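Biologist: I am new to this structure. Please pick one residue, take a close look at the part it sits in, and work outward from there.

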Amino acid sequence: MARDEQLKHRWDEVQQKLSHQFADGELMELDAIIYLIGVQELGQLHRRYKKDHKLDLMHIAICTLLEPYGYYEFEFYDDDGWPHFKTKEQLPNLKSGEQSVLMKEAIVNYFLQKEYIF
């Protein structure tokens with residue numbers, strides 16, 4: 001299977017599984033999946049989050065997802081248990097579609113590593 005086809009297949013699998021598990025089957029978009037990863041990585045699953053915290057959760061997810069690509073590095077947890085990352089390398093200027101592909105690839109790799117998909 002070609003790399004692009006495999007990514008599309010695996011992305012569809014992640015999207016379907018998460019949508020079934022968390023959105024009553026309504027198809028979850030990329031941002032919602034990034035948010036879920038942020039909540040997972042924070043580990044405070046049963047909290048309600050304010051809008052500014054939701055953006056922070058998405059930042060945690062993006063840093064976590066792009067850490068294996070060398071863009072971020074985990075530094076420490078603060079007193080409230082929130083992870084902090086430092087930028088190792090600036091992200092390249094990508095077009096919107098390229099950003100989307102990078103994030104989908106990173107999400108697929110994340111869920112492969114977590115053995116959520118195979």
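**From glutamate 115 outward**

Modeller: Glutamate 115 is exposed, with a relative accessible area of 57%; the cut-off for that word is over 50%. The model is a predicted one. Glutamate 115 lies in the segment after H4. Its backbone is the reason to pick it: the phi of glutamate 115 is positive, about 60°, although the residue is not a glycine. Most residues other than glycine have a negative phi.

From there, go to tyrosine 116. The charged end of lysine 17 sits over the ring of tyrosine 116, at 4.4 Å from the ring centre. Tyr116 also takes part in the lining of the second largest pocket, along with Leu18, Gln21, Phe22, Leu36, Ile37, Val39, Gln40, Leu45 and Phe111. That pocket has a volume of about 210 Å³. Two helices, H1 (3-22) and H2, each supply at least two residues of its lining. H2 gives the largest share, four residues. By class, the lining of the second largest pocket divides into eight nonpolar residues, two polar ones and no charged ones.

H2 leads on to the other pocket to consider. The largest pocket has a volume of about 250 Å³. It is lined by 14 residues, and Ile62, Leu66, Leu91, Gln99 and Met103 are the closest of these to its centre. Three helices give two or more residues to this lining: H2 (30-42), H3 (51-66) and H4 (96-113). The largest share, five residues, comes from H4. The classes in the lining of the largest pocket are 10 nonpolar, three polar and one charged. Both pockets come out of a search for empty space: rolling a probe the size of a water molecule over the atoms shows where such space is left.

Next come the strands. S1 (residues 72-77) and S2 (residues 83-87) run antiparallel and are joined by five bridges. Within this pairing, glutamate 73 stands opposite lysine 86 in S2, and phenylalanine 74 stands opposite phenylalanine 85, also in S2. Five residues lie between the strands of the hairpin, and one of the residues in the hairpin, glycine 81, takes a positive phi near 85°. So there are two positive phi values to note here, but glycine 81 is a glycine, while glutamate 115 is not.

The aromatic rings tie some of these parts together. The structure holds five aromatic pairs. One of them joins tyrosine 49 and tryptophan 82, whose ring centres are 6.4 Å apart and whose planes meet at 90°, an edge-to-face arrangement. This pair links distant parts of the chain, with tyrosine 49 in the loop between H2 and H3, tryptophan 82 in the loop between S1 and S2, and 33 residues separating them. Tyrosine 49 counts as buried because its relative accessible area is 10%, and buried means under 20%. Tryptophan 82 is also buried, at 10% relative accessibility.

A second pair brings back the two phenylalanines of the hairpin. The ring centres of phenylalanine 74 and phenylalanine 85 are 5.8 Å apart with the planes at 80°, so this pair is edge-to-face; the angle needed for that class is over 60 degrees. Here too distant parts of the chain are linked: phenylalanine 74 belongs to strand S1 and phenylalanine 85 to strand S2, 11 residues apart. The partners fall into separate accessibility classes. Phenylalanine 74 is partly exposed, with a relative accessible area of 31%, whereas phenylalanine 85 is buried, with 17%. Ring pairs also bring in Tyr77, so that Phe74, Tyr77 and Phe85 make up a cluster.

One last distance helps with placing the hairpin relative to another part of the chain. Between phenylalanine 74 and glutamine 16 there are 30 Å in space, C-alpha to C-alpha, and the two are 58 residues apart in sequence.

Terms used. Residues are numbered from 1 along each chain as its sequence is written. This is a predicted model: local features need pLDDT of at least 70, side-chain atom pairs count only at pLDDT 80 or more; totals for chains, interfaces and linings use all residues. Side-chain values use heavy atoms; hydrogens and water are left out. On a 1 Å grid over the protein atoms alone, a cavity is a set of points where a 1.4 Å probe fits but cannot get out, and a pocket is an open set with protein on both sides within 12 Å along at least five of seven lines; lining residues have an atom within 4 Å of a point. Grid points are joined across faces, edges and corners, and a volume is the space filled by probe spheres set on the points. Ala, Val, Leu, Ile, Met, Phe, Trp, Tyr, Cys and Pro count as nonpolar, Asp, Glu, Lys and Arg as charged, and the others, Gly among them, as polar. Two strands pair if DSSP finds at least two bridges between them. Rings of Phe, Tyr and Trp (its six-membered ring) pair if their centres lie within 6.5 Å; planes under 30 degrees apart count as stacked, over 60 as edge-to-face and the rest as tilted. Buried means under 20% relative accessible area, exposed over 50%, partly exposed in between (1.4 Å probe, protein chains only). A charge sits over a ring if NZ of Lys or CZ of Arg is within 6 Å of the ring centre and within 35 degrees of the ring normal.
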